[in-house]
Amino acid sequence: MTRRNWLTAGVFCAIAAVIVAAGAFFYSERPTSADSRAMILPVDPAPLVVVTKDGNRSFSIEIADTDAEREAGLMFRQDMADDHGMLFVFEIQQQVSFWMQNTPMPLDLIFVGQDGKIRAVKHGEPQSQAIISPGVPVRFVLELKAGAAAKYGIGYGDLLRHPAIGTVSGPGMPPPDNGDAPKGGG
């Protein structure tokens, strides 16, 4: 009977070791905000287009649409191209807050409603723990290099077009803008 207990304990230890090893492998594949390495997501094949009063502006984007990807975002990124950004996609339209801790480059944060229209443009200071929020519910946030919004004339009310935005449906559409929505800025 004692030999059988030792054998059972050995099997359970082996199973536990396999589970721990598998967990370590899968959780170490993609950096999180706890890591000190930048997360690089694949560039989406479709460009994101911002329709401004001065014309269309096109950006290559990475899409952060899971909790882990949204949490890590552009942390630890030292630089990126002027025409590149990260689109954060949330499951529902909601109040969101960002901060710039562990993010060494300044960013423009463009807050977008479920309808694809820009609700606010805010500026993020590197390494800051200050909360950045649009003050209205949004479904998407586009992060670009600081100054990109001004450089390309991107502002409140402009429209973003991309398959990730165009395929969104469901409850939570924003109320119509009756002139009482925030005018952005930061």
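**Strand pairing, a buried glutamate and the principal pocket**

In the predicted model, Val 51 is placed opposite Asn 56 of strand β2. This pair belongs to an antiparallel arrangement in which strand β1, spanning residues 48–52, and strand β2, spanning residues 55–64, are joined over five bridges. Two residues separate β1 from β2, and the two strands together form a hairpin. Strand β2 also pairs with strand β3 (residues 84–94), but here the two strands run parallel, with five bridges between them. Within the pairing of β2 and β3, Glu 62 stands opposite Met 86 of β3. Strand β2 thus takes part in an antiparallel pairing with β1 and in a parallel pairing with β3.

The chain as a whole contains four helices and seven strands, which follow one another along the sequence in the pattern α-β-β-α-β-β-β-β-α-β-α. Of its 186 residues, 38% are buried. Among contacts in the chain with a separation of 6 or more, 71% are made between residues 24 or more positions apart.

Glu 62 merits separate description. This residue lies in strand β2, and because its relative accessible area is 3%, under the 20% limit, Glu 62 is classed as buried. The side chain of Glu 62 is joined to that of Arg 77 by a polar contact of 2.8 Å. When residues up to four places away in sequence are not counted, Glu 62 touches Met 39, Ile 40, Leu 41 and Pro 42, as well as Arg 77 and the run formed by His 84, Gly 85, Met 86 and Leu 87. Met 86, which is among these contacts, is also the residue that stands opposite Glu 62 in β3, while Arg 77 appears both in the list of contacts and as the partner in the polar contact between side chains.

A second acidic residue, Asp 44, occupies the loop between α1 (2–28) and β1. Its relative accessibility of 23% falls between the limits of 20% and 50%, and Asp 44 is therefore counted as partly exposed. With neighbours within four places in sequence left aside, Asp 44 is in contact with Ile 61, Ile 63 and His 162. The C-alpha atoms of Asp 44 and Ser 60 are separated by 7.0 Å, although these two residues are 16 residues apart along the chain. A polar atom of the Asp 44 side chain also lies 3.1 Å from the backbone nitrogen of Ala 46.

A further hairpin is formed by β4 and β5, with five residues between the two strands. Strand β4 (residues 107–112) and strand β5 run antiparallel and are joined by six bridges, and Leu 107 stands opposite Gly 124 in β5. In the turn of this hairpin, Gly 116 has a positive phi of about 90°. Strand β5, comprising residues 118–124, has five of its seven residues buried, and is therefore largely enclosed by the rest of the structure.

Positive phi values are also found in residues other than glycine. Phe 76, in the loop between α2 and β3, has a phi near 70°. Asn 102, placed in the loop between β3 and β4, has a phi near 65°. The relative accessible area of Asn 102 is 24%, which means that the residue is partly exposed, since this value lies between 20% and 50%.

The largest pocket of the model has a volume of about 280 Å³. It is lined by 17 residues, of which Arg 70, Glu 71, Ser 97, Phe 98 and Trp 99 are the closest to the centre. Both α2 (67–72) and β3 supply at least two residues of this lining, and the largest share, three residues, comes from α2. In composition, the lining of the largest pocket divides into 11 nonpolar residues, three polar residues and three charged residues. Strand β3 accordingly appears in two of the settings described here, as the parallel partner of β2 and as a contributor to the lining of the largest pocket.

Note on methods. Residues are numbered from 1 along each chain as its sequence is written. This is a predicted model: local features need pLDDT of at least 70, side-chain atom pairs count only at pLDDT 80 or more; totals for chains, interfaces and linings use all residues. Side-chain values use heavy atoms; hydrogens and water are left out. Two strands pair if DSSP finds at least two bridges between them. On a 1 Å grid over the protein atoms alone, a cavity is a set of points where a 1.4 Å probe fits but cannot get out, and a pocket is an open set with protein on both sides within 12 Å along at least five of seven lines; lining residues have an atom within 4 Å of a point. Grid points are joined across faces, edges and corners, and a volume is the space filled by probe spheres set on the points. Ala, Val, Leu, Ile, Met, Phe, Trp, Tyr, Cys and Pro count as nonpolar, Asp, Glu, Lys and Arg as charged, and the others, Gly among them, as polar. Buried means under 20% relative accessible area, exposed over 50%, partly exposed in between (1.4 Å probe, protein chains only). A polar contact is a pair of N or O atoms within 3.5 Å; within protein, one must be able to donate a hydrogen and the other to accept it, and residues adjacent in sequence count only if both atoms are side-chain atoms. Contact means heavy atoms within 4.5 Å.
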